[in-house]
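I opened my notebook to get to know a new structure. Here is what I looked up, step by step.

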Amino acid sequence: MKKTPLQIVKETYGSKDALIEKVAAVVEREEGESEADHKKRLKYVSNAKLLHLMAVVEKVDALGGRDGMVSKILELKGQAKDHEYTDKLKKMPLARLADLAQQLQRAARKQAG
């Protein structure tokens with residue numbers, strides 16, 4: 001039987017508040033938003049969305065963080081010296097960066113193999 005997001009949150013993190021603490025530490029705050037307001041805003045986010053955010057964060061960490069992903073993308077695209085593209089990549093959301101990095105890695109493996 002498939003578990004609900006609430007069951008997964010309680011089983012893995014103990015409570016929604018514990019998950020919010022972990023997500024708040026890595027998810028970027030809006031400009032001018034305090035830490036308390038950021039956590040308060042996250043309380044209204046669904047458990048499924050919070051779990052998705054944690055999965056993205058774990059994927060990003062596995063790929064070497066934001067800077068690691070940006071350098072990997074630039075290397076795979078052969079644009080290591082393109083500073084404008086580097087700046088554009090650094091402003092992208094983490095999920096899009098992670099997807100782009102994985103996409104380029106798959107393409108490179110397919111080309112090599």
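**Entry 1: the surface.** I began with the outside of this predicted model. The protein chain exposes about 8000 Å², and I noted that carbon and sulfur atoms supply 51% of that area. Next I asked how much of the chain is tucked away: of its 113 residues, 28% count as buried.

**Entry 2: the fold.** I went looking for helices and strands, and I found seven helices and zero strands in the protein chain. Read along the sequence, the pattern is α-α-α-α-α-α-α.

**Entry 3: the dimensions.** I wrote down the extent of the C-alpha trace along its principal axes, about 45 × 40 × 15 Å. Then I checked the radius of gyration, which is 17 Å for the protein chain, while a compact globule of 113 residues would have one near 13 Å. I also looked at contacts between residues at least 6 apart in sequence, and 58% of them join residues at least 24 apart.

**Entry 4: the charges.** I turned to the charged residues and found 23 positive and 17 negative charges in the protein chain. Their mean positions are 6 Å apart. I reminded myself that side chains of opposite charge can pair when their charged atoms come close. How many salt bridges does a search of the whole structure find? I got eight.

**Entry 5: K43 and D17.** I picked one salt bridge to follow up, the one between K43 and D17, where the closest N and O atoms are 3.2 Å apart. K43 lies in helix 3 (residues 35-43) and D17 in helix 2 (residues 16-26), so this pair ties together parts that are 26 residues apart in sequence. I looked up how open each partner is: K43 counts as partly exposed at 45% relative accessibility, and D17 counts as partly exposed at 44%.

**Entry 6: R41 and its partners.** I then moved to R41, whose side chain meets that of E30 in a salt bridge, at 3.8 Å from N to O. R41 lies in helix 3 and E30 in the loop between helix 2 and helix 3, so the pair ties together parts that are eleven residues apart in sequence. R41 is partly exposed, with a relative accessible area of 34%, and E30 is partly exposed too, with 48%. R41 also forms a salt bridge with E33, with the closest N and O atoms 2.9 Å apart. Is E33 buried or exposed? I found E33 buried, because its relative accessible area is 14% and the cut-off for buried is under 20%.

**Entry 7: a network.** Last, I noted that E21, R29, E35 and K39 are linked in a network of salt bridges.

Notes: Residues numbered from 1 in each chain as written. Predicted model: local features only at pLDDT ≥ 70, side-chain atom pairs only at ≥ 80, totals over all residues. Heavy atoms only, no water. Helix = DSSP H or I, 4+ residues; strand = E, 2+ residues; numbered from the N terminus. Rg over C-alpha atoms; globule rule 2.2 N^0.38 Å. Buried < 20%, exposed > 50% of the residue type's maximum accessible area, 1.4 Å probe, protein only. Contact = heavy atoms within 4.5 Å. Areas by Shrake-Rupley, 256 points an atom, 1.4 Å probe, with all protein chains shown as cover. Lys, Arg positive; Asp, Glu negative; His and termini not counted. Charge placed at Lys NZ, Arg CZ, Asp CG, Glu CD. Salt bridge = Lys/Arg side-chain N within 4 Å of Asp/Glu carboxyl O.
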